[in-house]
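Me: I have a model open and would like to understand the words people use to describe one. Could you take me through the reasoning behind them?

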Amino acid sequence: MTSSTTASFARRWPLPLALLAVLFVPVALAGPPAPLKLPDLEALAAKATESVDITLDAALLGTAAAFLDPSDPEDAATRELIGGLKGIYVRSYTFDKDFVYPSAAVEMLRKQLATPGWERLVGVRSAKERTTVDIYVSLDHGQANGLAIITSEPREFTIVNIVGSIDLRKLHQLEGKFGVPKLPLQESPPAPEKPAGK
Amino acid sequence: MNHDLERRLRAALRPVDPGDDFSAKVLARTAKEPAHFARPPRSPAVAGWLAFGLATCVVLGLLLAHQWQVRRTQQGLEARRQLIEALRVTDQKLDLANRVVNEKERAPPDSGA
Amino acid sequence: MSGDEECTGGELLTQALAGERAAFGALVCRHQRAVYSLALRMLSDRHAAEDLAQEVFLQLYRSLASVASEAHLSFWLRKVTMHRAIDRLRREPRHTGVGLEEAAALAGEAAEGDPILERRLRSLLAELPSAARAVVLLRYQEDLDPVEIARTLKMPVNTVKSHLRRSLAMLRERIADAAAADAGVATRVALPGEDRSPP
């Protein structure tokens, strides 16, 4: 995690998300919020072509942390990253048709996040990708102690709820190390024609 | 994009069935094998019973301890795997947010993006 | 992964250890897709894959007492399947590509999404060196992370990551080349370590 990586991170992430990262400096906090009440998504999982259903409470996070190798730099960084967490809850569903998941599920979550204590930090919609992203943060005396991300894409619906404090800068610096090494992003147009016989 | 290729690979590598009679073929082959894991017969003599009982308790204790250790290791590895997957999904969605926000910032004011 | 599923798998294992053949058969049914698919994508030959998968379960039958739990069973099956497949590939003469018959067999798999791209990916996967192929399969078919892959294949974690990095780069490059070739432009890209001599 070098300074150049941090600088690159600051350039890539626009102000709202950089602000989010600053808010998440891990500090000793008063009690974090309760985990979000997630909608019953059993029926949704049955229709999905792929689903991710992860519930890691404090005990399981402790178990996972015990199996992170402190001598491995990436494992050590991950351990540090989750040090302030009380829970991580992920539900992610991929479908083979557009928008087959009920909007009622999304609305139920937004209602919970419209209560005092939660603030919407990012709420954007891309007409081009038909995607909506909302990021909420739970604040206690000005410090963030909970995060909720809801993404609504044509064929994928994802909820991430993190309880506790997490340094998003450190999460981003670990990007590409969770399984697959990061390859250079290629957002260029299709490859130009090459001469025949090369 | 990296994520797109990964998703395509997962789709391309969905497991497939070996055929309806596969398990029957396996069982047919195992029928020719001796039952290696069958329990040993008990000794009829009283002293033999005692010795056997003691030995069984010791072996059972060691086996249980071993099984507990293996189970704990497997559970820990599974928790670790889920943690890494959760962090990966979180980072992926933050990237998505970043991309959508950047797209809006780049779009002309009247594009409605 | 629900607690109920784990309990049922554990019960089957206990019953199989007690000598119940039906329970062992149920264990085979539960795991045959994963074992066979790994073998198929390693060996690119349906008959060889089925034969290898049967041998794996036969070995399981012989070694059942050493399996402690359902989770350990999954780990054991993956490990034995991959090691056997790699051994078999090392013993057989090396070839640079997938034959037409195997390609047709691989193409026969049901595909969703983009079937042409998925077939192409599977064909390209079959051209990877055996160790790299094993790593990619364990990552994308079995969804293991590099540490678990390293444990399964008894390989350093950094080697696993290196295989993943290079393999994905190669796959992406080959797909781009194939797309260009489809558009009527011929390209020729050298695969690192590719053996160009005739089989």
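Me: What share of the residues in chain B is buried, and what makes a residue count as buried?

Reply: Happy to help! This is a predicted model, and buried residues make up 25% of the 113 residues in chain B. A residue earns that word if 20 or more other C-beta atoms lie within 10 Å of its own. In chain A, with 198 residues, the buried share is 31%.

Me: How many helices and strands does chain B have?

Reply: Chain B has 3 helices and 0 strands. From the N terminus on, its elements therefore read α-α-α.

Me: And what is the pattern in chain A?

Reply: Chain A has 7 helices and 6 strands. Along the sequence they follow α-α-α-β-α-α-β-α-β-β-β-β-α. Of the contacts in chain A with a separation of 6 or more, 69% are between residues 24 or more positions apart.

Me: Which strands make up the sheet in chain A, and in what order?

Reply: The 6 strands form an open sheet in the order β1-β2-β6-β5-β4-β3 of chain A, with antiparallel pairing. Strands of a sheet pair through backbone hydrogen bonds, either parallel or antiparallel.

Me: What makes a strand an edge strand here, and which ones are they?

Reply: An edge strand pairs on one side only, and in chain A that describes β1 (50-56) and β3 (118-126). As for the angle between neighbouring strands of this sheet, they are turned by 10 degrees against each other on average, direction ignored.

Me: How do you know that β3(A) and β4(A) are paired?

Reply: Count the bridges. Pairing needs at least two bridges, and 8 of them join β3(A) to β4 (residues 131-140) of chain A, so the two strands pair. You can look for one such bridge in your view: S126(A) has T131(A) in β4(A) as its partner.

Me: What about β5(A), which partners does it have?

Reply: On one hand, 9 bridges join β4(A) to β5(A), and V133(A) stands opposite T151(A) in β5(A). On the other, 8 bridges join β5(A) to β6(A), with I150(A) opposite I159(A) in β6(A). A hairpin links β5(A) to β6(A) through 2 residues.

Me: Why is β5(A) called largely enclosed?

Reply: Look at how many of its residues are buried. The number is 8 of the 11 residues of β5(A), so the strand is largely enclosed by the rest of the structure.

Me: Which helices lie against this sheet?

Reply: Among them is helix α4 (residues 58-66) of chain A, which packs on the sheet and touches β1 and β2 (85-94) of chain A. The direction of α4(A) makes about 90 degrees with that of β2(A). Another is α6(A), which lies across β3, β4, β5 (143-153) and β6 (156-164) of chain A. It runs at about 160 degrees to β5(A).

Me: Why is V106(A) called partly exposed?

Reply: V106(A) is found in helix α6 (residues 103-113) of chain A. It has 18 other C-beta atoms within 10 Å. Buried would need 20 or more and exposed 12 or fewer, so with 18 V106(A) falls in between and is partly exposed.

Me: What does V106(A) touch beyond its neighbours within four places in sequence?

Reply: It is in contact with I150(A) and S152(A). The C-alpha atoms of V106(A) and T158(A) are separated by 9.6 Å, though the two residues are 52 residues apart along the chain.

Me: Moving to chain C, why are α2(C) and α4(C) called roughly parallel?

Reply: Helix α2 (residues 21-43) and helix α4 (residues 70-91) of chain C pack at an angle of about 20 degrees, with their axes 10 Å apart. Angles under 35 degrees count as roughly parallel, so α2(C) and α4(C) fit that description. Their crossing is right-handed. The residues of the contact divide into 9 nonpolar, 2 polar and 2 charged.

Me: And why are α7(C) and α8(C) called oblique?

Reply: Helix α7 (residues 130-140) and helix α8 (residues 146-153) of chain C pack at about 130 degrees. Roughly antiparallel would need over 145, and roughly perpendicular covers 65 to 115. The angle of about 130 degrees belongs to neither, so α7(C) and α8(C) are oblique to each other. In this contact, A134(C), V135(C), L138(C) and R139(C) of α7(C) meet I149(C), T152(C) and L153(C) of α8(C).

Notes:
Residues numbered from 1 in each chain as written. Chains lettered and ligands numbered in written order. Predicted model: local features only at pLDDT ≥ 70, side-chain atom pairs only at ≥ 80, totals over all residues. Helix = DSSP H or I, 4+ residues; strand = E, 2+ residues; numbered from the N terminus. Contact = placed C-beta atoms within 7 Å. Axes fitted to C-alpha atoms, helices over the stretch in contact; angles between N-to-C directions. Left-handed = near helix turned anticlockwise from the far one by under 90°. Nonpolar A, V, L, I, M, F, W, Y, C, P; charged D, E, K, R; others polar.
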